[in-house]
Every structure is written in C-alpha cells, then in structure tokens.
Amino acid sequence: MERLQKFIAESGYTSRRKAEELITQGKVKINDKVVTELGTKVSGKEKIFVEGKLLTKEEKEYYLLNKPRGVITSVSDNRNRKTVIDIINSKKRIYPVGRLDYDTTGVLLLTNDGEFSNILMHPNNKIDKVYVAKINGIIKGEEINKLKNGVEIDGLKTKKCKVKLKRTDLKNNTSYVSLTIHEGRNHQVKKMFESIGFKVLKLKRERVGIFTLKGLASGEFRKLTPKEVAIIYSFNDNK
Ligand code: URA
C-alpha cells in the first residue's frame with residue numbers, strides 16, 4: 001500500500017506537492033468517491049481519477065550519464081544553469097539518484113522509479129560509490145588511515161571505507177586518491193579531505209555498484225538494460 005499523493009506523483013501526472021493540492025481541493029477520486037484525506041493509502045488496484053482523468057502507471061526509464069563539469073544535478077535551477085535533466089531530455093519526469101556537485105564528474109543514474117532510487121541510496125544496501133579525488137599536497141599513510149577509519153564531518157563520524165593512493169605527482173604537489181564509500185552525505189568526499197587538511201581539486205565518480213563509465217564519454221548517456229535494473233532490485237530481495 002502506498003500514499004495516494006505518492007502514487008499520483010509516480011504515475012508521472014504531476015509532482016507530489018501538486019498532487020497533495022489536488023487531493024485537498026477534491027479533484028481526486030478513488031473508484032467513484034472523492035477523497036480529500038492526504039494520508040489515504042492505495043494498493044494500485046483501484047481506479048484513480050485526477051481531474052477526471054484515469055491514472056495509468058508511467059513506464060519506468062533508467063539512464064546512466066557520464067556527468068560533465070559545470071552541470072547541476074537537479075531537475076531545475078533558479079539561476080538557469082544547465083541541469084542533468086536538460087542533457088537527457090526525456091518526456092518522463094525523471095530525476096537524479098543522489099547528487100554530484102556542479103564541478104564533480106562521472107557516474108550519475110537518473111530514473112522516474114522511486115523504489116529503484118531508494119535501493120541505490122540506502123546505506124544498508126552497501127552499494128559501492130567509488131570516487132577518485134585529485135588533492136593538493138602529498139598524502140601520507142597515516143592520513144589515509146584516518147580516512148579509512150572515519151573522520152568527523154558536520155559533527156558525525158563517517159563510516160569505515162576503502163581508501164587507496166593511486167599516485168602522487170611530486171612536481172605538481174598533488175595526489176590522486178580513490179575512496180569507496182556507501183554513504184552519500186552532502187559534499188562527503190570534499191569534506192572528508194578537508195577534515196584532514198586537504199583540498200579536493202578535481203573529483204570524479206568512477207563507479208556506483210555495477211555501473212561504470214565504460215563506453216561513455218563526458219556528457220554521454222545510455223539507457224540501462226532490463227538485466228541491470230533487475231540486479232539492483234535483487235539487492236532489495238536480500239533483506
Ligand atoms: N562528495 C563530494 O564532495 N562531492 C560530490 O559531488 C560527491 C561526493
């Protein structure tokens with residue numbers, strides 16, 4: 001069972017907020033009855049009419065984008081900057097699964113399937129998110145160990161994670177470090193490095209679970225295969 005406003009939003013008819021308005025305005029019917037109660041639960045077997053139109057479930061779409069720099073991970077932007085949604089240009093109401101900063105590049109999934117998105121984002125599912133950061137300075141083993149064991153950001157310690165030094169560039173005084181994390185806190189990687197005194201100069205997400213950038217140049221995207229979608233759903237079945 002799910003909440004009526006969520007069901008309407010997932011049908012692609014409108015946003016969840018707008019759906020709530022339509023419900024309270026008496027514009028939604030379940031079978032032949034007007035409902036104005038926001039908590040109403042539906043199973044999906046009912047006939048639901050919004051503004052007189054029968055809702056049908058929207059076909060789900062799944063994309064993998066190699067996000068370029070200088071694009072915002074959001075459905076819209078009040079400063080009129082280009083968004084990842086502009087790149088895909090789907091007719092469906094797709095949205096990004098999690099966020100990458102404006103200047104971060106790499107693997108970004110987009111979908112209109114809320115459940116798929118929840119599975120990928122839930123830390124209990126332990127889906128790897130692999131980042132490579134170029135940082136200022138030469139990082140030492142003990143600093144890498146600090147990151148591995150968890151550092152405090154925004155008053156909360158990060159979970160244990162894998163950290164590998166890929167290479168150092170003595171001439172330019174930079175290091176390239178790969179981090180594998182399961183959490184998705186705000187600006188997590190940049191803040192983790194900041195907490196041990198480094199600045200992230202470049203950040204790329206190379207992998208999310210089974211999804212890599214193979215075959216995708218910067219700014220390119222592809223649809224996921226049904227098999228890939230099924231693999232992500234199987235993480236949920238394990239619980
Ligand atoms: N961590 C960050 O700091 N930025 C991102 O874009 C992703 C993870």
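In this predicted model, Lys-190 meets the ligand through its backbone: an N or O atom there lies 3.0 Å from a ligand oxygen atom. Two further backbone contacts go to nitrogen: Val-189 places a backbone N or O atom 3.1 Å from a ligand nitrogen atom, and a polar backbone atom of Gln-188 is 3.5 Å from a ligand nitrogen atom. Taken alone, the ligand exposes 240 Å². The protein buries 96% of that area.

| Residue | Protein atom | Ligand atom | Distance |
|---|---|---|---|
| Lys-190 | backbone N or O | oxygen | 3.0 Å |
| Val-189 | backbone N or O | nitrogen | 3.1 Å |
| Gln-188 | polar backbone atom | nitrogen | 3.5 Å |

**The ligand site**

The ligand sits in the largest pocket. Around the ligand stand Leu-100, Asp-101, Thr-104, Tyr-131, His-187, Gln-188, Val-189, Lys-190 and Leu-203. Which helix gives the most to this shell? Helix α6, residues 188-195, does, with three residues.

**Strand β14**

Strand β14 spans residues 174-181. Is it mostly covered or mostly exposed? Mostly covered: eight of its eight residues are buried. In a regular strand, side chains alternate between the two faces of the sheet. In β14, Thr-174, Tyr-176, Ser-178 and Thr-180 point one way. Ser-175, Val-177, Leu-179 and Ile-181 point the other way. Both sets are buried.

**Partners of β14**

Which way does strand β10 run relative to β14? The two are antiparallel, and eight bridges join them. Strand β10 covers residues 129-136. Ile-135 stands opposite Ser-175 of β14. Tyr-131, whose number falls within the β10 range, is one of the residues surrounding the ligand.

Strand β13, residues 162-169, also runs antiparallel to β14. Seven bridges join this pair. Lys-164 stands opposite Ser-178 of β14. β13 and β14 form a hairpin, with four residues between them. In that turn, Asn-173 has a positive phi of about 55 degrees.

**The whole protein**

The protein has seven helices and 17 strands. Its C-alpha atoms fill a box of roughly 70 × 35 × 30 Å along the principal axes. How much of the protein is buried? Buried residues make up 46% of the 239 residues. Within β14, by comparison, eight of eight residues are buried.

How values were computed. Residues numbered from 1 in each chain as written. Predicted model: local features only at pLDDT ≥ 70, side-chain atom pairs only at ≥ 80, totals over all residues. Heavy atoms only, no water. Buried < 20%, exposed > 50% of the residue type's maximum accessible area, 1.4 Å probe, protein only. Pairing = 2+ DSSP bridges. Near = heavy atom within 4 Å. Polar contact = N/O pair within 3.5 Å; in protein donor to acceptor, adjacent residues only side chain to side chain. Areas by Shrake-Rupley, 256 points an atom, 1.4 Å probe, with all protein chains shown as cover. 1 Å grid on protein atoms, 1.4 Å probe; cavity = no way out; pocket = protein on both sides within 12 Å on 5 of 7 lines; lining within 4 Å. Sits in = over half its atoms within 2 Å of the grid points.
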